[in-house]
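Work through the exercises below with the structure open. Each one gives a task and then a stepwise solution.

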Amino acid sequence: MDDKKSNRGVGMDRRAMLKMGAGTAAAAMLPGAPGLALAADEKKPVGNYPAGVEGDSVFVGLPLDLTGPYSAEGADERKGYELAIEQINAGAEQIKKISPLTKKGILGKTVKFGVADAETKPNTAVQAASRFIHDNKAMMISGSVSSAVAIALQKVCDREKTIYLAAISGSNETTGVDCQRYGFRLCHFAYSASKAIAPVLAKNLGKDRKAIYLVPDYTYGHTTYDSMVEFTEKQGWKTVGEQVHPLGAKDYSSYLINIANSNADTLVVVAYGADAANSIKQAKQFGILDKMALVVPYMAPFLGEEVGPEIMQGVYGATGFWWTLQDKYPIAKDFVEAFEKKFGGKPHDSAYIAYLQTALWADACERAGGFYPPDVIKAYEKGEKRQGPVGEVYFRAEDHQGIINFPIVRGKKPGDMKSKEDLFDIVEVVDGANVVPELGVLGCKLGAYA
């Protein structure tokens, strides 16, 4: 406290002070009096509130998977966050289309951020988030590619009463049994991707298929396998089996030998990021892809670049975003053009989700009229619909799952590509509201606000 301010009133006699107190109390009883408004607006400290918003800026902590098997996606996320924060601070028109109340900054405060490498490891991510929360008074934490990282981050953020926004997280459990009051996921995930792609596969590859799965051994892999089996078998497919491998594996030969001898006609690679690229390249070397159709149900667009169109042609996958959506959606065009101008390349789904999560956080804070965490959460939970780059987007109050549209893509033949970046055709744009599970199916039970 300022010493000069604390000594005001010294020399004032007791009677004068009592009169002042009585007058203030009386004024507070009048309708619309400032004293009454102040009392009504007083909020108990929660998380880093009010310390994190006392200055002219607000801090965001970004633990990102910059090394490890998901590093390409983590680096792309960083670009998405940077672009969104730059536009928010400038009050750019592109952001206002998503967050119409945004003027310059959020509620007049400049957004600052810090980045740490989560290494695709939950413990490293939690340590980084904890530093941001304790040292930087972060009011929001965001970032993930690994669902194990996302689940760990939202648990620590819920404990610290700091809002957490997952970037990419494909596991059903993120907004299922591991959901948290302070956590929000926007992207599509195992259940929604599988429900969306299964009828597309049946239509284009046939209903009489025998599938074997290559599955990373953690929550994303297991829940994606479960959901794909559920929805492809409803279409008539038969599941031959699964080969489970550790995250970050380098040699897939033992798994591929079993796959080659499985009598399957379809290889479903649930692996993601570098794991997907490495396993698919080795499957090609084993001659497996000459005999089996390849499906990547939860696909990172980087896969097309890393594996090449010769292998990826005709391969179906669900992804969060593909840049040619700009031909149909004006806000997608805004995003792609701004990203290209700043970074010199096309955005992927990882940058898109990071960008949109940040823009929608700004919108939630603006609608809440402040950064008080319970109020911001309740603003999300109102289910206010906003226009995103691919149509309407909003969050469900009951499990904090985002309702968002996303494309099913198919790899192009090399001869049909107009440029080296023209790797995929969009088969259809999925209405996100039609493919999320009914409430309660995945076991979400949200905790307290404070």
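How many salt bridges does the structure hold? There are 20 salt bridges, each being a side-chain nitrogen of Lys or Arg within 4 Å of a carboxyl oxygen of Asp or Glu. This is a predicted model, in which local features need pLDDT of at least 70, side-chain atom pairs count only at pLDDT 80 or more, and totals for chains, interfaces and linings use all residues. Residues are numbered from 1 along each chain as its sequence is written, and side-chain values use heavy atoms, with hydrogens and water left out.

**Exercise 1.** Find the salt-bridge partner of Asp-334 and place both residues.

Step 1. Asp-334 pairs with Lys-97, with 2.7 Å between the closest N and O atoms.
Step 2. Asp-334 lies in helix H14 (residues 330–343) and Lys-97 in the loop between helix H5 (93–96) and strand E2 (110–117), so the pair ties together parts 237 residues apart in sequence. Helices (H or I, at least four residues) and strands (E, at least two) are DSSP runs, numbered from the N terminus.
Step 3. Asp-334 is buried, at 18% relative accessible area, while Lys-97 is partly exposed, at 43%. Buried means under 20% relative accessible area, exposed over 50%, and partly exposed in between (1.4 Å probe, protein chains only).

**Exercise 2.** Determine whether Arg-396 and Asp-399 are buried or exposed.

Step 1. The two residues form a salt bridge, their closest N and O atoms 2.7 Å apart.
Step 2. Both Arg-396 and Asp-399 are buried.

**Exercise 3.** Give the relative accessibility of Asp-422 and of Lys-412.

Step 1. Asp-422 forms a salt bridge with Lys-412.
Step 2. Asp-422 is buried at 5%, and Lys-412 is buried at 11%.
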